[in-house]
Amino acid sequence: MKIVIPTYKRETNQKAWKLLPKEIQDMVTVYTHSGRGELLKAENPGMNVAEFEGELYIPDVRQKCTELDEKVFIIDDQCVFYKRVYHDNGHVSHAKLETAEEYLEMFAEIEKELDNYFWVGCSPKASNTLHKDKVKSEATRSYSCYAINSKMLSESGVKFTDLYENNNEAKILEDFYVLLSMFSKGYPNLVLHNWVFDHKHGIAGGNSISRNNRVQEESQKELIKMFPRYVTQYEKEDASWVAEEGSTSRKEVRVAWKKCFDEAVPEDSGLSSFL
């Protein structure tokens, strides 16, 4: 399984990579846009750096990542990893991953599960305790760090760029699109709740370069057009982050992930051999 961290204009803010043990850093490749590789190396000595050609939007970057290998673990550049800790009183807490052995254990479990799922993600720290009685969930939201079985995705005819190719203002929500597309075909994803990540949003660089109110709304409209039964739009007031400076709210979507999967008509295709 190839492990990649895509990044853009965050040469001095490589939080995810810097928190990795040296042995794990050596296993990871950080991908940036053409012409920015040397900047990244200069600020992060020892980093394995590669460049994607061109000035790409997030859907293009995600798609190119999936084309690097049959199994690819994609980590956002601000992710911090934890493992779930169980206590005798029934509570759970989270301990930050420190050793290479812990990371290797996480990678091994993710890679194994990719034999049966097109997408395997870690659990977001903010909501992890809501699932304290589960170690895994299927057909659910997943973001920021997830692994892809590229062969399964390719054979389904689903790409991260599909939404953007339909509407060139739809430069985000590519992950929503891929999940809903695969759920609607009868293929669930998997989220592992014992492996946890935290990710701060609204950091300069990355997809904030191209995200504004128009991009936000056009991406949502395109997603709703494709999945009207499962996606609705609403206004989020006093948002923790906004698409444009000066705003206090942003348009968001509610997604009926499980309903989409439950109502799916499974495809009669070679993908069945994976499941």
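The paragraphs below lead through a predicted model of a protein chain, from its overall make-up to its cores, some buried polar residues and its salt bridges.

The confidence of the prediction comes before any detail. Across the protein chain the mean pLDDT is 91, and 89% of the residues reach 70 or more. Residues 269-275 are another matter, since the pLDDT there is below 50, although this stretch still has 15 contacts in the model beyond near neighbours in sequence. Where pLDDT is low, predicted coordinates should not be read in detail.

Taken as a whole, the protein chain holds 11 helices and 12 strands, and 52% of its 275 residues are buried. Among contacts with a separation of 6 or more, 73% are between residues that stand 24 or more positions apart. The accessible surface of the protein chain comes to about 12800 Å², and carbon and sulfur atoms account for 45% of that area.

Turning to the interior, the largest nonpolar core has 39 residues, and those with the most contacts inside it are F118, W119, L153, V178, L180, L223 and V231. The element that gives the most to this core is helix α9, residues 174-184, with 7 residues. The surroundings of V231 give a view of this core from one of its residues: leaving aside neighbours within four places in sequence, V231 is in contact with L180, L223, I224, V253, R254 and V255. Another core, of 31 residues, lies apart from the one just described, and includes A16, W17, F107 and I110.

Burial can also be followed along a single helix. Helix α4, which spans residues 58-66, is largely enclosed by the rest of the structure, because 7 of its 9 residues are buried. The buried residues of α4 are P59, D60, V61, R62, Q63, C65 and T66.

Two further polar residues repay a look at their partners. E113 belongs to helix α5, residues 100-113, and its relative accessibility is 12%, so E113 counts as buried, the cut-off being under 20%. The side chain of E113 is joined to that of K136 by a polar contact of 2.7 Å. Not counting residues up to four places away in sequence, E113 touches V120, K136, L190 and L192. N149, for its part, is found in strand β9, residues 145-149, and is buried, with a relative accessible area of 1%. The side chain of N149 reaches the backbone oxygen of L114 at 2.9 Å, while a polar atom of that N149 side chain also lies 3.1 Å from the backbone nitrogen of M152.

The remaining theme is the pairing of charged side chains. Side chains of opposite charge can pair when their charged atoms come close, and a search of the whole structure finds 19 salt bridges. One of these links E222 with K225, whose closest N and O atoms are 3.4 Å apart. Both residues lie in helix α10, residues 213-226, at a spacing of 3 residues, about one turn of the helix. An α-helix has 3.6 residues a turn, so residues three or four places apart point the same way. The two ends of this pair nevertheless fall into opposite classes of accessibility, for E222 is buried, with a relative accessible area of 6%, whereas K225 is exposed, with a relative accessible area of 60%.

A comparable spacing occurs in helix α11, where K258 and D262 are 4 residues apart and are therefore separated by about one helical turn. Their side chains meet in a salt bridge, at 3.0 Å from N to O, and K258 is partly exposed, with a relative accessible area of 44%. Salt bridges can also share partners, as they do where E169, R214, E218 and K221 are joined into one network.

The salt bridge between R229 and E263, with the closest N and O atoms 2.8 Å apart, spans a longer stretch of sequence. R229 lies in the loop between α10 and β11, and E263 in the segment after α11, so the pair ties together parts that are 34 residues apart in sequence. R229 counts as exposed, at 52% relative accessibility, and E263 is partly exposed, with a relative accessible area of 36%.

How values were computed:
Residues are numbered from 1 along each chain as its sequence is written. This is a predicted model: local features need pLDDT of at least 70, side-chain atom pairs count only at pLDDT 80 or more; totals for chains, interfaces and linings use all residues. Side-chain values use heavy atoms; hydrogens and water are left out. pLDDT is the predictor's confidence in each residue, from 0 to 100. Contact means heavy atoms within 4.5 Å. Helices (H or I, at least four residues) and strands (E, at least two) are DSSP runs, numbered from the N terminus. Buried means under 20% relative accessible area, exposed over 50%, partly exposed in between (1.4 Å probe, protein chains only). Accessible areas come from the Shrake-Rupley method with a 1.4 Å probe; for residues, only the protein chains shown count as cover. A nonpolar core is a set of buried Ala, Val, Leu, Ile, Met, Phe, Trp, Tyr and Cys residues joined through side-chain atoms within 4.5 Å. A polar contact is a pair of N or O atoms within 3.5 Å; within protein, one must be able to donate a hydrogen and the other to accept it, and residues adjacent in sequence count only if both atoms are side-chain atoms. A salt bridge is a side-chain nitrogen of Lys or Arg within 4 Å of a carboxyl oxygen of Asp or Glu.
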